[in-house]
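Reader: Could you take me through one part of this model in detail? I'd like to hear about a single strand and its surroundings, and then whatever helix packing you can describe.

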Amino acid sequence: MIDAIKMRRSVRKYRPDPVPRELIEDILRAGMLAPSSKNRQPWKFIVTMGESKNAALDAMQCGLDRERHKPLLPESAHYISGAQNTLYIMRQAPVVIFIVNPLGLELGRSLTAEERIYEICNAQSVGAAIENMSLTATELGLGSLWICDTYFAYDELTKWLNTDGELLAALAVGYADESPSARPRKDIGDIVEWRK
């Protein structure tokens, strides 16, 4: 697994080749094996391909168009062009998996301290699941891209997904059509504080 960690890259160019269902299921099973707070397993995976994927991404485009005129995230307006590029990448990938937290609470709702802690713990759990999925894709010879730009089209995608819970992320999966170099990482001495 350490090799998969070292070799994993955020892939932004995909070949059109279809991904066999059994490989997608292997990726999903890896996500399901992630640790989760209180074993809540706060995830649901919605796998889209073909026309279903196109319809989901059309909903995302509607959200990006709306965001330009009536923003849900006004302070993030300078990231819209990046989100548009992410949508282009998602259209290339043969598979897009939407990750939903079925235990998630309504976006924008005031939370009690306990609800806020649950949300944080569930988000950490889902993050572990997505990392497992991304590493498994790498081991299977596939590329992936962990996507958070779905938040710009949160309402539109949530309506299209038509499922209970909170949309947390998406994962594009397919055969890579690029071999990106490793991006620079901070030095361990700059980010670790040892205490005795």
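Author: Sure, and keep in mind that this is a predicted model. Let's start with one pairing: V96 has A172 in β4 as its bridge partner. That pair belongs to a longer run, since 7 bridges join β2 to strand β4 (residues 166-174), and the two strands go antiparallel. There is also strand β1 (residues 44-49), which pairs with β2 in the antiparallel sense too, over 6 bridges. In that pairing, M49 is matched with V95 of β2.

So how buried is β2 itself? Strand β2 covers residues 95-101, and 7 of the 7 are buried, so the rest of the structure largely encloses it. Both of its faces are covered. One side carries V95, I97, I99 and N101, the other V96, F98 and V100, and all of these are buried.

Now for the helices. Helix α3 (residues 50-69) and helix α6 (residues 154-161) have axes that come within 7 Å and cross at roughly 150 degrees. Angles over 145 count as roughly antiparallel, so that is how α3 lies relative to α6. Their crossing is right-handed.

Which residues do the touching? From α3 you have S52, A55, A56, A59, M60, C62, G63 and R66, and they meet E156, L157 and W160 in α6. Sorted by class, this contact has 7 nonpolar, 2 polar and 2 charged residues.

Notes:
Residues numbered from 1 in each chain as written. Predicted model: local features only at pLDDT ≥ 70, side-chain atom pairs only at ≥ 80, totals over all residues. Heavy atoms only, no water. Axes fitted to C-alpha atoms, helices over the stretch in contact; angles between N-to-C directions. Helix = DSSP H or I, 4+ residues; strand = E, 2+ residues; numbered from the N terminus. Parallel < 35°, antiparallel > 145°, perpendicular 65-115°, else oblique. Left-handed = near helix turned anticlockwise from the far one by under 90°. Contact = heavy atoms within 4.5 Å. Nonpolar A, V, L, I, M, F, W, Y, C, P; charged D, E, K, R; others polar. Buried < 20%, exposed > 50% of the residue type's maximum accessible area, 1.4 Å probe, protein only. Pairing = 2+ DSSP bridges.
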